[in-house]
Amino acid sequence: DAPGPLTVETVASCDWVLDRSGLINLSHEKAKAVGLTDGEEPIQVYFHVLRHPERGTFIVDTGIERALRDEPSRSAIRGPVASFMKLEKMKALMPLGDWVANEKKRDGVFLTHLHIDHVSGMPDVPKGTPIYSGPGEASDRGALNFAVQPSTDRLLDGQEAISEWQFQPDPDGRFAGVIDVFGDGSVWALHLPGHTVGSTAYVARTAQGPVLLTGDISHTAWGWRNGVEPGSFTADHAANAVALEKLRALAAEHPAMSVRLGHQRLE
């Protein structure tokens, strides 16, 4: 809770809609109790900008690539995958390429996970930029990733090899692993497998208080507030539910913490 040196900016890269059954576990008793049903859920795709006074400027996740707005037929996500992802319902707001064009420094990319909507801005990342993700994330070939692997390969084409966080055991036993990213206590990466094998949340300390970036451990505001994990878009429901409760407990212990979810705003 002590004020930290970072600033954190959350940028909405696009407006979008996806099936609620993917974003929220509609079989959960809480979802059933309020009568939640499948349908289109409004969401956004984000990237977050972390500025450290000494280490530089880093982004967490990547928003969407500029080609999705300007030249969809030439974007990395195309063909049947584009139709399945309902890209025709995506409204570009700030593709990563627009941000990069006005930003002098880009010192690294921290990924919460490698699902396609979190790396869809990767073609706009300047070549040679270091990229980091959780352990096993880049090599995972689960069913959810397999169908979109050609698009993911195109998104990552020409980029640096992804470095995995070398997580250390959590002294409190709360998380699967932790790492002090810069060694000064300003940014912490937390390993919380479940949504994907390498799912990683980040806590950044700012002058206004700590900021928690959950990634898709929680997609939606309703899911976060009610402690209900994502639906069909998650790999391991039980583990994801545990990870979500751990993050909710962390936020409850620190009332000043600003929580930034995977695809909707709480604030």
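Biologist: In this predicted model, are Phe-58 and Phe-110 buried or exposed?

Modeller: Both Phe-58 and Phe-110 are buried, and for Phe-110 the relative accessible area is 1%. Since the coordinates come from a prediction, everything said here describes the predicted model.

Biologist: How are the rings of Phe-58 and Phe-110 placed, and what is the pair called?

Modeller: A pair of aromatic rings is described by two quantities, the distance of the centres and the angle of the planes. For Phe-58 and Phe-110 the ring centres are 5.1 Å apart and the planes stand at 25 degrees, so this pair is stacked, given that planes under 30 degrees apart count as stacked.

Biologist: Which parts of the chain does the pair of Phe-58 and Phe-110 tie together?

Modeller: Phe-58 belongs to strand β3, which covers residues 56–60, while Phe-110 belongs to strand β5, residues 108–110, so the pair ties together parts that are 52 residues apart in sequence.

Biologist: What is the geometry of the rings of Phe-110 and Trp-165?

Modeller: The centres of the Phe-110 and Trp-165 rings are 5.2 Å apart and their planes are at 70 degrees, so this pair is edge-to-face, the cut-off for that class being over 60 degrees. Here too distant parts of the chain are linked, as Phe-110 sits in strand β5 and Trp-165 in the loop between β7 (163–164) and β8 (177–180), 55 residues apart. Trp-165 is buried as well, with a relative accessible area of 8%.

Biologist: How many aromatic pairs does the structure hold, and which residues form one aromatic cluster with Phe-110?

Modeller: The structure holds nine aromatic pairs. Phe-110 forms one aromatic cluster with Phe-58, Tyr-132, Trp-165, Phe-182 and Tyr-202.

Biologist: Turning to the whole chain, what share of the contacts joins residues at least 24 apart, and what share of the residues is buried?

Modeller: If one takes the contacts between residues at least 6 apart in sequence, 69% of them join residues at least 24 apart. Buried residues account for 56% of the 267 residues, and the chain is built with nine helices and twelve strands.

Biologist: What does the radius of gyration say about the chain?

Modeller: The value can be set against the one expected for a compact globule, which with 267 residues would be near 18 Å; the chain has 17 Å, which agrees. Along the principal axes, the C-alpha atoms fill a box of roughly 50 × 45 × 30 Å.

Biologist: How much area does the chain expose, and what do carbon and sulfur atoms supply?

Modeller: The chain exposes about 11,500 Å², of which carbon and sulfur atoms supply 52%.

How values were computed: Residues numbered from 1 in each chain as written. Predicted model: local features only at pLDDT ≥ 70, side-chain atom pairs only at ≥ 80, totals over all residues. Heavy atoms only, no water. Helix = DSSP H or I, 4+ residues; strand = E, 2+ residues; numbered from the N terminus. Rg over C-alpha atoms; globule rule 2.2 N^0.38 Å. Buried < 20%, exposed > 50% of the residue type's maximum accessible area, 1.4 Å probe, protein only. Contact = heavy atoms within 4.5 Å. Areas by Shrake-Rupley, 256 points an atom, 1.4 Å probe, with all protein chains shown as cover. Phe/Tyr/Trp six-rings, centres within 6.5 Å; stacked < 30°, edge-to-face > 60°.
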